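Hi,

Here is the structure I promised to pass on. Have a look at it first, and then read my notes underneath.

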Amino acid sequence: MAYKPTKIGVIGGGSWATAIAKILLSTQETIYWYMRRQDQIDEFKRVSKNPSYLTGLKFDTERIFFTNKINDLVKQVDTIIFATPSPFLKQHLKKLRVPLKDKIIISAIKGIVPEENLIITDYFQQFYNVSRENLAVLAGPCHAEEVALEKLSYLTIACADREKAKALTQVFSNHYIRTSTTEDVTGIEYASVLKNVYAIAAGVCHGLKYGDNFQAVLMSNAIQEMQRFSSAIHPLPRSIDESAYLGDLLVTGYSKFSRNRTFGNMIGKGYSVKTAQIEMEMIAEGYYGVKCIKEINESFHVQMPIMEAVYNILYNRASPVLQIRALTKLMH
């Protein structure tokens with residue numbers, strides 16, 4: 001029987017989860033929504049908006065089944081969208097007692113599971129017995145803040161099962177969201193991690209007062225680096241200039257809404273990693289992602305000077321000035 005998503009659950013209480021819920025409620029009658037904190041749910045119901053993220057966005061809470069119990073949500077739904085920061089994924093899942101293998105799992109997480117160093121779909125496959133055909137990824141240049149404002153945005157749904165990907169385009173398409181599909185699940189996931197790393201590099205350069213001319217060269221070299229890594233880790237014919245790869249890199253590297261660029265900018269201005277993290281109050285996924293990519297690349301030996309520079313700055317306390325200066329000599 002053809003897959004048709006009817007009961008969809010969202011896991012996560014941040015800005016991206018909130019933006020996804022807004023999109024879903026434009027195509028679905030109701031949704032299920034798990035948030036870890038009951039006080040956040042209570043306040044959401046009281047004011048009809050997320051009290052912590054995208055606070056200008058009003059919701060019809062009569063159409064949302066809230067819960068802070070992950071097992072209750074999983075029992076109710078056929079499709080689950082994970083939209084939590086990657087470092088916290090295991091924390092949410094450790095309470096899970098209901099099997100996931102018969103559910104459609106969509107990752108909206110642009111990160112890697114630390115320690116295991118696995119992209120999200122590989123993690124669900126290995127640890128939760130979810131088949132490759134039941135795993136999808138939501139990607140593309142799509143900042144939550146612009147979704148909230150209904151600015152025209154483009155999403156890519158990656159899934160090994162082409163029919164499921166097509167069915168999911170109906171769920172995410174409305175008057176301000178256009179969707180396309182791909183089977184390059186692994187390539188899209190790694191691109192989503194790497195673009196955060198390169199956005200930190202872009203932010204560091206901005207903080208060091210490098211201009212737009214250099215930023216353009218940095219992004220050009222970053223997409224080449226992304227292509228080299230993607231080809232090594234998952235050889236497949238792919239067009240790296242498509243929006244899910246290049247588009248997402250550009251928006252994350254240039255946008256004022258980019259957390260990773262903001263984080264890098266603070267580092268470039270002289271903030272310590274700890275201070276920048278505390279002041280931001282939001283997760284910069286690239287901080288965790290660069291460590292994972294560095295460790296994964298020890299098996300592949302891909303030439304990745306930008307990634308190496310970001311790693312050295314964040315984890316080896318190397319001077320941003322000296323690291324970027326060394327990088328400028330390798331750019332072309």
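Below is what I found, starting with a helix and ending with the charged pairs.

A word on the basis: this is a predicted model, where local features need pLDDT of at least 70, side-chain atom pairs count only at pLDDT 80 or more, and totals for chains, interfaces and linings use all residues. Residues are numbered from 1 along each chain as its sequence is written, and side-chain values use heavy atoms, with hydrogens and water left out.

Helices (H or I, at least four residues) and strands (E, at least two) are DSSP runs, numbered from the N terminus. Take helix α13, residues 285–297: at 1.5 Å times one less than its number of residues, its 13 residues should span 18 Å, and the end C-alpha atoms are indeed 18 Å apart. Among its buried residues are Tyr287, Val290 and Ile293 (buried is under 20% relative accessible area, exposed over 50%, partly exposed in between; 1.4 Å probe, protein chains only). The buried residues of α13 pack against several elements, including α8 (185–207) and α9 (212–233).

Serine 153 sits in strand β9 and is buried, at 4% relative accessibility. Its contacts (heavy atoms within 4.5 Å) include Cys142 and Tyr176.

There are 14 salt bridges, each a side-chain nitrogen of Lys or Arg within 4 Å of a carboxyl oxygen of Asp or Glu. One joins arginine 46 to glutamate 43 at 2.9 Å, N to O; both lie in helix α2, three residues apart. Arginine 46 is exposed at 61%, while glutamate 43 is partly exposed at 28%. Lysine 164, which pairs with aspartate 161 at 3.2 Å, is buried at 14%.

Cheers

Methods
Lists of a residue's contacts leave out its neighbours within four places in sequence.
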